[in-house]
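Trainee: I have a chain to go through and would like to work from the side chains outward. Can we take it topic by topic?

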Amino acid sequence: VYGFITIPHELIFDIIEHPYFQRLRRIKQLGLSDYIYPGALHTRFHHALGAFHLMRKAIAVLKVKGVEISAEEELGASIAILLHDIGHGPFSHTLEKTLIKGVHHEHISKIYLQKLNREFNNKLSLAIKIFEGSYHKKFLHSLVSSQLDVDRLDYLTRDSFFTGVNEGIISYDRIIEMMNVKNDELVIEQKGIYSIEKFIISRRLMYWQVYLHKTVLCVEWMLVKAIERAKALTATGVELSCSEALHFFLKNQLTLSDFETNDTAIQHFSNLDDIDVFAALKTWKTTSDHVLSFLCNAILNRHLFKIEMYNEAVLPQKLTALKQSAAAHFNLSEEEASWLVFQGSTYNHAYNAKHATIKVIDQKGTVQNAENISEHLEATVLSEKVVKHFVCYPKELLQAS
């Protein structure tokens, strides 16, 4: 995507070589999006290195413009962005709320940062402060996490490249060149406003065309249901063959405190990746449980469910009718059929002005919110939250009806 990437510091190299970071090679950036876009096989490892590269470019630009950034701060910000996604589990966001209820990947990233800090004799302390936003130079945290951070600049560029979706292409290099700092805030010079508009539009389009593509939603929810079914069976005493790491998370209902206080949880998580899950699907496809075997075979052979999208919540009577149809067609109980007929909702919020704003500075040094000076996009368009509801069910039910 960018050509050669230079590793400028021995500590950075040692972190990249660490097993915690190398695990990211085995976690796909876009979950199961390759079922729709076959080229989307890039990993969190790629993304972390790309974001690290853009962070170095951004800091170089800011230093040329007179922003004071010490060598220690540059190293800290580089490590913070390098490790910002280290807490992702198998298939990235797909199973984030399934394997471990209520634990966001950023929570686990913080735990990894603390563990690595101890291993590297507290050399990551500044990186942790920047990552958490507690360091006094707040603009460094904005480069890591904000409405316009190098994380988003990389994943939009990278994801559009590997999916082939040209609508996601952004002017990441121009946006970085337009960065500056005013009153400890990361700002964009006004002549870069059109690149910001394109960035917001591209992000919105990438969500509907890639991240929230209805077929992507369908197959990822099928995987969620397969894992949830496996967890439910395990809870009743059914033994399902899988890796030790995956079995640990199927068997135990974990909370964030389990990760913070029990080293066993984080060690098992460190051995868990996409390979564990797909190997389990291949094993479970012949299990005696008809629901789990059906889901596993459907995922492995890309026999995807039918998905219907709506602007309003799915009517309960429609769900009931579909579940009854599934029970009759597959000779299942209604409880079993409920695993094959499921609903959900998703939303697209490309620019959340209520959460934080992109700041633009004019030639006089006045700083304004981007939505207040954009000539082509109104604030309502920029910040509008669009919610979609959906229902998924086996396509065999269409033939049966």
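**Pockets, rings and cores**

Mentor: In the second largest pocket, H4 provides the largest share of the lining, 5 residues. Keep in mind throughout that this is a predicted model.

Trainee: Which helices each supply at least two residues of the lining of the second largest pocket?

Mentor: The lining consists of Pro8, His9, Ile12, Phe52, Arg56, Ala71, Glu72, Glu74, Leu75 and Ser78. The pocket has a volume of about 170 Å³. The helices that each give at least two lining residues are H3 and H4.

Trainee: What residues lie closest to the centre of the largest cavity?

Mentor: The structure has 2 cavities of 30 Å³ or more. The largest cavity holds about 100 Å³ of space. It is lined by 14 residues, and the closest to its centre are Gly89, Leu95, Glu96, Ile100 and Phe269.

Trainee: How many aromatic pairs are there, with ring centres within 6.5 Å as the rule?

Mentor: Ring pairs join some of the aromatic residues into a cluster, made of Tyr20, Tyr112, Phe248, Phe249, Phe259 and Phe269. With ring centres within 6.5 Å as the rule, the count is 17 aromatic pairs.

Trainee: Take phenylalanine 91 and phenylalanine 278: what kind of pair do they form, and how many residues apart are they?

Mentor: Their ring centres are 5.7 Å apart and the planes meet at 45°, which makes the pair tilted. Phenylalanine 91 is in the loop between helix H4 (71–82) and helix H5 (105–119), while phenylalanine 278 is in helix H15 (residues 274–284), so this tilted pair links distant parts of the chain. The separation along the chain is 187 residues.

Trainee: Is phenylalanine 278 buried or partly exposed?

Mentor: Buried means under 20% relative accessible area. Phenylalanine 91 has 1% and is therefore buried. Phenylalanine 278 has 23%, so phenylalanine 278 counts as partly exposed.

Trainee: Why is the pair of tryptophan 221 and phenylalanine 342 called stacked?

Mentor: Planes under 30 degrees apart count as stacked. The ring centres of tryptophan 221 and phenylalanine 342 are 6.1 Å apart, and because their planes are at 15°, the pair is stacked.

Trainee: Where in the chain are tryptophan 221 and phenylalanine 342?

Mentor: This pair also links distant parts of the chain, 121 residues apart. At 25% relative accessible area, tryptophan 221 is partly exposed, whereas phenylalanine 342 is buried at 3%. Tryptophan 221 belongs to helix H11 (residues 214–235) and phenylalanine 342 to strand E4 (residues 342–348).

Trainee: Which charged residue sits over the ring of phenylalanine 45, and where does histidine 42 stand relative to that residue?

Mentor: The charged end of arginine 25 lies over the ring of phenylalanine 45, 3.9 Å from the ring centre. Histidine 42 is in the loop between helix H2 (19–22) and H3. Histidine 42 and arginine 25 are 17 residues apart along the chain, and their C-alpha atoms are separated by 8.6 Å.

Trainee: What is histidine 42 in contact with, leaving aside its neighbours within four places in sequence?

Mentor: Histidine 42 has a relative accessible area of 1%, so it is buried. With its neighbours within four places in sequence left aside, its contacts are Lys28, Gln29, Leu30, Arg158, Asp159 and Phe162.

Trainee: And what is histidine 105 in contact with, on that basis?

Mentor: Histidine 105 lies in helix H5. Its relative accessible area is 7%, so histidine 105 is buried. Leaving aside neighbours within four places in sequence, histidine 105 is in contact with His84, Asp85, Gly87, His88, His93 and Glu96.

Trainee: Which helix gives the most to the largest nonpolar core?

Mentor: Nonpolar side chains tend to be buried together in soluble globular proteins. The largest nonpolar core has 124 residues, of which Leu153, Met179, Phe259 and Trp284 touch the most other members. The helix that gives the most to this core, with 11 residues, is H3 (residues 44–64).

Trainee: What covers the buried residues of H16?

Mentor: In helix H16 (residues 290–300), the buried residues are Val291, Leu292, Ser293, Leu295, Cys296, Ala298 and Ile299. Just after H16, arginine 302 has a positive phi of about 55°. The cover over the buried residues includes H11, H15 and helix H18 (334–337).

Key
Residues are numbered from 1 along each chain as its sequence is written. This is a predicted model: local features need pLDDT of at least 70, side-chain atom pairs count only at pLDDT 80 or more; totals for chains, interfaces and linings use all residues. Side-chain values use heavy atoms; hydrogens and water are left out. Rings of Phe, Tyr and Trp (its six-membered ring) pair if their centres lie within 6.5 Å; planes under 30 degrees apart count as stacked, over 60 as edge-to-face and the rest as tilted. Helices (H or I, at least four residues) and strands (E, at least two) are DSSP runs, numbered from the N terminus. Buried means under 20% relative accessible area, exposed over 50%, partly exposed in between (1.4 Å probe, protein chains only). A charge sits over a ring if NZ of Lys or CZ of Arg is within 6 Å of the ring centre and within 35 degrees of the ring normal. A nonpolar core is a set of buried Ala, Val, Leu, Ile, Met, Phe, Trp, Tyr and Cys residues joined through side-chain atoms within 4.5 Å. On a 1 Å grid over the protein atoms alone, a cavity is a set of points where a 1.4 Å probe fits but cannot get out, and a pocket is an open set with protein on both sides within 12 Å along at least five of seven lines; lining residues have an atom within 4 Å of a point. Grid points are joined across faces, edges and corners, and a volume is the space filled by probe spheres set on the points. Contact means heavy atoms within 4.5 Å.
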